[in-house]
Amino acid sequence: MYNQVIKRLLCATALTFSGIFVQAQQTQVKEPKDVPAEWSKPYAPFRMAGNLYYVGTADLASYLITTNAGNILINTGLAGSLPIIKRNIEALGFKFKDTKILLTMQAHYDHMGAMAAIQKMTGAKFMVDEKEEDVVNSGGATDYALGKGVSTYQPAKINRLLHDGDTIHLGEMNLVMLHHPGHTKGSCSFLFDTRDSSRSYRVLLANFPTIVTDKHFHDVTTYPEIAKDYAYTLQSLAGLQFDVWAAAHASQFNLAAKHHPGDAYNPAVFKDRAGYDKALAELKAQYEKKMMEEK
Ligand SMILES: [Zn+2]
């Protein structure tokens, strides 16, 4: 009995001390755990089109773009996605260490989770939309919708701030960053050309403007441009021309229906303009419904 009391007291003391310790450490990260299982499920990597490869988990899309001067990695999943992404890159025959540039389509923990660790391991330069600077430096703590003052990912060091229309250049590749705000203040898409032995492809990696906040837009005081930004992004995405497309989540471009692990190389399955237009129409309807409710 006495021992148990002592044990409990010791535990309580330890908790109190660790609580103080947490408060003193500004970069303490608390990644949400109540997330879909698909986010952490390993997925066999594959070549999508030309030198674009899918290296993410079953739902958190990570893209590897190989060049003759090293590779570009877009999106890094959750913190625990690191070994999956690394294994996927190596399974394709590429070197993890050859990762030279790191990008994200949005500064949320499900795409930024492993960013700082990968940067540390590879020495790659992290480039991000200028409007994400503050939120990245806070590890997501200042995000207008998900922030709540808690860091949900380890902040990566920003090496370059990107502006709408900026080009990211590595080897023979040139990626154009398109500022597509709303979901986060600095969400973005990437547009680039790639080729295989038979033809070239214009690729769009689209960041869909899904709505995160439960609040009325006019109540989101830390993001006064939110309604305008969503409208802009919906219009911009609708006007883009491309040969193949994909998105930040596999479910957003219906990867499960287009590709099965082990399938032969077939970029044509990622054309799907109809699927793209349908997804955008649904997002536009959600936006318009929300705007109606504001009145
Ligand atoms: Zn997000």
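A crossing of two helices is left-handed if the near helix is turned anticlockwise from the far one by less than a right angle, and right-handed if clockwise. The exercises use a predicted model, in which local features need pLDDT of at least 70 and side-chain atom pairs count only at pLDDT 80 or more, while totals for chains, interfaces and linings use all residues. Residues are numbered from 1 along each chain as its sequence is written.

**Exercise 1. Which span should helix α8 have at 1.5 Å a residue?**

Step 1. Helices (H or I, at least four residues) and strands (E, at least two) are DSSP runs, numbered from the N terminus.
Step 2. The expected span is 1.5 Å times one less than the number of residues.
Step 3. Helix α8 covers residues 273-293, which is 21 residues, so 30 Å is expected.
Step 4. The end C-alpha atoms of α8 are 30 Å apart, which agrees.

**Exercise 2. Where do the buried residues of α8 lie around the axis?**

Step 1. A residue is buried if 20 or more other C-beta atoms lie within 10 Å of its own, exposed if 12 or fewer, and partly exposed in between, with C-beta atoms placed from the backbone.
Step 2. In α8, the buried residues include Y276, A279, L283 and Y287.
Step 3. They cover an arc (of the directions from the helix axis to the C-beta atoms) of only 75°, which puts them on the same side of α8.
Step 4. An α-helix has 3.6 residues a turn, so residues three or four places apart point the same way.
Step 5. The other side of α8 carries exposed residues, among them D277, K278 and E288.

**Exercise 3. At what angle do α6 and α8 pack?**

Step 1. Axes are lines fitted to C-alpha atoms, for helices over the stretch in contact, and angles run from 0 to 180 degrees between N-to-C directions.
Step 2. The angle between α6 and α8 is about 160°, and their axes are 11 Å apart.
Step 3. Angles under 35 degrees count as roughly parallel, over 145 as roughly antiparallel, 65 to 115 as roughly perpendicular and the rest as oblique. Therefore α6 is roughly antiparallel to α8.
Step 4. The crossing of α6 and α8 is left-handed.
Step 5. Residues making the contact (C-beta atoms, placed from the backbone, within 7 Å) include Y230 and L234 of α6 and L283 and Y287 of α8.

**Exercise 4. Is K295 buried or exposed?**

Step 1. K295 is found in the segment after α8.
Step 2. K295 has 5 C-beta neighbours inside 10 Å, so K295 counts as exposed.

Terms used
Contact = placed C-beta atoms within 7 Å.
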